[in-house]
Amino acid sequence: MSTFFIQQFGCRATQADGAAIERQLREQGGVAAPDSSTADVVVLNTCTVTAAADAQARDAIRKIHAANPATRILVTGCYAQRAPEEIATLPGVSFVVGNSQKPQIPKLLHSISGVSENQSVGEELVCPDNGGAPPVRSVQENQLFNLAPILIGNIFELTDVLVAPVLGGEGNHTRPTLKIQDGCNSRCSFCVIPFVRGKSRSLPVKTVLSEIQRLADSGFREIVLSGINLGTYGRDLAPRVEFSDLLRRILDQTSVQRLRISSIEPLDVTQDLIDFFASNDRIAPHFHMPLQSASDRILAAMHRWYRSEHYAHRVELIHDRLPNAAIGADVITGFPGETDADHAATLDFIAARPFTYLHVFSYSQRPGTKAASLPGQLPGHIIKTRARALRSLADSKSAAFRRSQIGRTLRVLTLRRDPADDSGSTPALSENYLQVSLPVEFPPNQFLDATVTHLNDKHLLAEPVESAALSAT
């Protein structure tokens, strides 16, 4: 097989898919190239959660093709599943593969590597086994329309979860992310993800345990669990497995030192789950619960299965049991029909509660979603103004939380230093999801206790307890 390069876009789930593809390609003899300009084949693993994400992928395709026209470009991911023919028209694209057919990518790349520059990709690139799902167009028909061949099937028939930990990204190879759940059975009116990722499905418990133990045996101390709708983990398994039971089994049956969970829906954050977090220091006190809006009218239009009082109750329970926990949220501003009063309700709700950070998203119309056809679509300048107000509030909430940590001793995990950084300091991440700077050089992937002394921009400056003890002797 030729050299390959995987370029990622989007969320942790997309990154996890890319890691699984890379694992498969390496197992079949593929060689990873250092960048897209030197690769024989570039795999673009796309996102489609916003129009901007689609545009980013198209721009990347054009740039890769312009820089090296001989490079074969295979486009996959959520954008490829949603709009394959839109991508197939772009110059330089050799094949479009939906999420439903990602396991076929190694075969396709093997076929691509055997095609000479003088041959038609459409004539030679044939996948003999597409899992029983026919392409949107046949290869021959695509050539009549001058489109790249497309391989895509029924996403709702997909039953597997692509498995491979993400070792890069946040934490710079220090904190791997393991996707244990994919797909979503909810139908939020603004969200296209269920239509490009299919129904909710879970990695078997045995596989989760073996992957986590393998990472722990490799020396990783913190592992992040992720999924599209993580709290629904195990509901599709036979016998059914509760997410909280999986967490208990991970802690009982593996040696992972710290476990962190990514986004979880508010109604899945139960009193029992919060108590479990509070009683076990091997789970990071960190809850990321999508809020989207604090206007009950907008939540109903979004088809969200809670109201602001339900969400507020979860925040109160967390803060009562874990007063220094990280509490983050996703917020969408500019949803169709959102009034000034709706926006003000969200601002007031957030201001009154102990959020430690926010991810603010400007509403983006997604083809095929119910919200795309709703009346009251807002102009861009209003959405931008409201997004700025939310981000300003988020900054003030984050700053207040950081200030509250001064004088506390936190358990931190050291991260890799930037090779260009000659300050002699070490970046670290606290259990409650705060960026910490230690004034001493430490190797990455080490747990330390550090006392916060003061703030510097968006970082906490902390003195390692071990260093403080040595200086006192």
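User: Is His303 buried, partly exposed or exposed in this predicted model?
Analyst: Let's start with where His303 is: the loop between α12 (296-302) and α13 (308-321). Buried means under 20% relative accessible area and exposed means over 50%. His303 comes out at 30%, so this residue counts as partly exposed.

User: What is the phi of His303?
Analyst: Most residues other than glycine have a negative phi. His303 is not a glycine, yet its phi is positive, at about 65 degrees.

User: Which residue in the loop between β15 and β16 has a positive phi near 65 degrees?
Analyst: The residue sits between strands β15 (426-430) and β16 (435-438). At 21% relative accessibility, it counts as partly exposed. It isn't a glycine, though its phi is positive; the residue is Tyr433.

User: Which residue forms an aromatic pair with Tyr433?
Analyst: The two ring centres are 5.5 Å apart, and the planes are 50 degrees from each other, a tilted pair. One partner lies in strand β13 (residues 357-362) and Tyr433 in a loop, so the pair ties together parts that are 76 residues apart in sequence. The partner is buried, with a relative accessible area of 13%. That partner is Tyr357.

User: How many aromatic pairs does a search of the whole structure find?
Analyst: A pair of aromatic rings is described by the distance of the centres and the angle of the planes. Searching the whole structure this way gives a total of 7.

User: What is the centre-to-centre distance between Phe349 and Phe355?
Analyst: Both rings are tucked away: Phe349 is buried at 8% relative accessible area, and Phe355 is buried at 2%. They form a tilted aromatic pair, with 50 degrees between the planes. Centre to centre, the distance is 6.5 Å.

User: Which residues form one aromatic cluster with Phe349 and Phe355?
Analyst: Phe349 and Phe355 already make a pair with each other. The cluster they belong to also takes in two tyrosines, Tyr306 and Tyr311.

User: Which residue has its charged end over the ring of Phe349?
Analyst: Phe349 is buried, with a relative accessible area of 8%. A charged end sits over its ring, 4.1 Å from the centre, and it belongs to Arg353.

User: How far is the charged end of Arg187 from the centre of the ring of Phe195?
Analyst: This is another arginine and phenylalanine to look at. The charged end of Arg187 sits over the ring of Phe195, and its distance from the ring centre is 5.2 Å.

User: Which peptide bond is cis, with omega near 0 degrees?
Analyst: Most peptide bonds are trans. For this one, look at Pro239, in the loop between β9 (222-227) and α10 (243-253). The cis bond runs from Ala238 to Pro239.

User: Are α9 and α10 oblique or roughly parallel?
Analyst: The axes of helix α9 (residues 205-217) and α10 come within 10 Å and cross at roughly 40 degrees. Angles under 35 degrees count as roughly parallel. The crossing angle therefore makes α9 and α10 oblique.

User: Which residues of α14 make the contact with α15?
Analyst: The axes of α14 (residues 340-351) and α15 (residues 380-404) come within 10 Å and cross at roughly 10 degrees. The two helices are therefore roughly parallel to each other. On the α15 side, the contact is made by Arg386, Ala389, Leu390, Leu393 and Lys397. On the α14 side, it is made by Asp340, His343, Thr346, Leu347, Ile350 and Ala351.

Terms used. Residues numbered from 1 in each chain as written. Predicted model: local features only at pLDDT ≥ 70, side-chain atom pairs only at ≥ 80, totals over all residues. Heavy atoms only, no water. Phe/Tyr/Trp six-rings, centres within 6.5 Å; stacked < 30°, edge-to-face > 60°. Buried < 20%, exposed > 50% of the residue type's maximum accessible area, 1.4 Å probe, protein only. Helix = DSSP H or I, 4+ residues; strand = E, 2+ residues; numbered from the N terminus. Lys NZ or Arg CZ within 6 Å of the ring centre and 35° of its normal. Axes fitted to C-alpha atoms, helices over the stretch in contact; angles between N-to-C directions. Parallel < 35°, antiparallel > 145°, perpendicular 65-115°, else oblique. Contact = heavy atoms within 4.5 Å.
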